Amino acid sequence: MMRAILLILGLLSCSLLSPLPVRADDSAALLSRLATDNYGDIESGITALASSGLAGSEIILNALADGRLSYRPSDKALFIKDASGAWMEAATNATPASVPMGLKPVKVNNRVRRALEAALGSMTLMSPDPLKRIAAADAVFKSRDANTLAALDAVISKEADATVKRHFEDARAAVLMLKSDAPEADRVAAANTLGARGDQDSLALLSSVTEANAPANVVASASLAAKGIERRLALLSTAQNAWYGLSLGSVLLLAAIGLAITFGVMGIINMAHGEMVMLGAYTTFVVQEFIRAKAPSLFDWSLPIAIPLAFCVSGLVGLLIERLIIRHLYGRPLETLLATWGVSLVLQQAVRSIFGANNREVGAPSYMTGVWDLGGFQITYGRLWIIVFSLAVFLALLVVMKGTSLGLRMRAVIQNRRMAAAMGIRTPVIDALTFALGSGVAGIAGVALSQIDNVSPNLGQSYIIDSFLVVVFGGVGNLWGTLLGALSLGLANKFLEPLAGAVLGKIVLLAIIILFIQRRPRGLFALKGRAVES
Amino acid sequence: MIAFLFRRFDKTATGFILALALIAVLVPVFNLVVSETSAFHIPNYLVALWGKYLSYALLAVALDLVWGYCGILSLGHGAFFALGGYAMGMYLMRQIGARGVYANPILPDFMVFLNWKELPYTWYFFDHFAYAALMVVLVPSLLALVFGWFAFRSRVTGVYLSIITQSLTYALLLAFFRNDMGFGGNNGLTDFKDIVGASIQSPSTRAALFALTAVFLALGFLVARALVTSRFGQVLAAIRDAESRTRFLGYRVEHYKLLVFVVSAAMAGIAGALYVPQVGIINPSEFAPANSIEAVIWVAVGGRGTLVGAAIGAVLVNFAKTWLTGTSPEFWLYGLGALFILVTLFLPKGIVGALAARFGQRGEGDAA
């Protein structure tokens, strides 16, 4: 059955593509029309050659386009120079017996070049390769050359492939749309075809139809179709913005969630949190360098390997900071803020001394690259994975907080530190573990951020203020608040950007948050308590 | 008024004022009068450098007023400093006149470069020194008034307040980076020529600016001291130590905070205005949150709640910064980081506080 269909298709394409027989003296006359220095003659020669279906005419026209075509004025014979510089007779494809003498190149000006492009375009419309036919149709769509109309009409009626046929029809509609002598009904139909195509190019084309170049009902249908496209594009860009906002929100969630835990439990601001993120990113870099050197085949596994390592590295550094510095400063949150700022400076400089001040190259594994196109709505796999990953981290932390004994103790300390201590919870241990956990999560965030941002000693700095805002906005000690805070900040950022520009959007957002804190000084999800000072 | 400023003077304060008066006279003398070949000659660059330190010291005193005495840890005081600096910078830009690269008598070079035709209304009247001087005080004060009114009224305190002051300066940083704002974008304002008719490059102007900075530092110190030693200052300390209790005693806590915040912002603005002509440039990086935090460490090193300590801390830390960035640049950040950690851990009262405790004096912060 399959074979039969293939056979029929083959026969069809043979009948479609086989050139009409052209007699030898005709072909010589046809070719000699190019052997001149009159641009008008060359132009008409090209069109004649293209519609003749003469075998090898595509090679000749391509040679002309590349400036490799010459002629001998004495007998008007055409010669083609191939890539190696050898000459070939255009009429016979044969290598001439002796090197031809006295050749003159066939010259091209802009008008000739246009005719040439159109001719080549209409010739590839008949190419046996469907991809080439589509490319040719798209080229016609862009050039809108009225000369190709006849060729298009011919191929549309014979095209079997539905996709290719649609491209042909789009191209034909594009040509007809602006062809002032085309029948009105055809142009109205063309407007509808373009409206159905619905992309930016069609919109530009449709909006160039005005009273000046078209009758009233053509203009009406064109503007109707243009409105439809605009609606569709607006919808698409909203969806795209929402997606970018979601993606930014998930990045903020990753960066802020560790901060939210330490802030919630210990009531301190860890200014070195951004540097924990940076350490995670550098851990990824080191893991990748190691894999590149020792086992390149494992490269796709570099991120899964880096995640636990980054958690350990950042977690251990966090534990050290807590044991050495922060535990001496409890009850003095403002001093803790200053001391951790000092830690962040030292860590930044240490990384700069070890790895250099320049950005480090962190590669993307194969599953992180590529784009998933959903009818104009583009989803990059890298962003998709980061969203999935940050939600996974969020859920894991939720399980830790709600389902484990450590989480229970943490929540107890968040709610009432002294009461928790009175119930036998060793709050210093909880503090140390909380800080290590928060720092470790920051390290994990660093692994993800290494995929979308420059890995440099300043990586953490660029996220720290946003992370604070997420925590302050969402309220402390509440993971759901952090989730909501991160996503709404991400979405607000991306929706403000097109309205006000990237920088102004950010400023507006900062102003909104500063005002928001006035209304709800303890964030969206404040813990309810009766203490005067919480 | 004078009597009010010099009330309850003690040895430290007298010494500080005398020292300032001394260097305000001696540094210009050793710079201008003593011949350049003499070993006692102070070169021009040192005058400008020390002038910069003194304007930082004024910023530190302003910060100490809110942090040391009222417990408001502002991580955005650099914003007030930079706003004062921009107001002065705008005056200096207008003084360039037709001597700019594009020789436009009205528009500063960067506006000609951006193809602007008219002066933005924000730049009107800045060719008058009096107006610019007014703006140096007014703009930071107004910002502090509006910001503080919102923040203190809704009882944003502690680390929350620190974070939103940081966001404030960050937002201004982003805003001033924009060319559309009309303040020179990321290049800022520079290439100044004259200040009140005198060439800004000449040694005598430099020396005068230095002396003026010392005088303003002394004035700022006196105002701050008068505030904190008065009844008002006692309420401030009460707010710092137990805000709710003070409120329950019937004091309008937010009014006290707001007043001291606005005074401090005005002082920071003046410090910025003195800083710009001596450094010769103002650009948006002055708004960077890191700058504001660095100012906090000056206060912490010198001793918060001592005023004198804040000024000394600013000079010491910046001297160390100049020295370290000159000899081993990569070591500076280690040094600064270590300073933050060590001072908070081992020297919570700063140098002056530790010395006072050692020699049996009560720190001034405790006196209130």
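The turns below go through a predicted model and the terms used to describe it.

Me: Why are α4(B) and α11(B) called oblique to each other?

Reply: Helix α4 (residues 77–96) of chain B and helix α11 (residues 253–279) of chain B pack at an angle of about 45°. Roughly parallel needs an angle under 35 degrees, and roughly perpendicular needs 65 to 115. The angle of about 45° fits neither, so α4(B) and α11(B) are oblique.

Me: What else describes this pair of helices, α4(B) and α11(B)?

Reply: Two packed helices are described by the angle between their axes and the distance between the axes. For α4(B) and α11(B), the axes are 6 Å apart. Their crossing is right-handed.

Me: How do you know which residues of α4(B) and α11(B) meet?

Reply: Two residues are in contact if their C-beta atoms lie within 7 Å. On the α4(B) side, the residues include B:F80, B:L83 and B:M88. On the α11(B) side, they include B:A268, B:I270 and B:V276. By class, this contact has 15 nonpolar, 6 polar and no charged residues.

Me: What makes up the side of chain A that touches chain B?

Reply: The contact takes 35 residues from chain A and 39 residues from chain B. On chain A, the elements that give two or more residues are α14 (333–355), α19 (461–474) and α21 (502–519). α14(A) gives the most, with 14 residues. By class, the chain A side has 25 nonpolar, 6 polar and 4 charged residues.

Me: Which domains is chain A divided into?

Reply: Chain A has domain 1 (22–177), domain 2 (191–235) and domain 3 (239–459). The centres of domain 2 and domain 3 of chain A are separated by 50 Å, taken over C-alpha atoms.

Conventions: Residues numbered from 1 in each chain as written. Chains lettered and ligands numbered in written order. Predicted model: local features only at pLDDT ≥ 70, side-chain atom pairs only at ≥ 80, totals over all residues. Domains from an automatic or database assignment. Helix = DSSP H or I, 4+ residues; strand = E, 2+ residues; numbered from the N terminus. Nonpolar A, V, L, I, M, F, W, Y, C, P; charged D, E, K, R; others polar. Axes fitted to C-alpha atoms, helices over the stretch in contact; angles between N-to-C directions. Parallel < 35°, antiparallel > 145°, perpendicular 65-115°, else oblique. Left-handed = near helix turned anticlockwise from the far one by under 90°.
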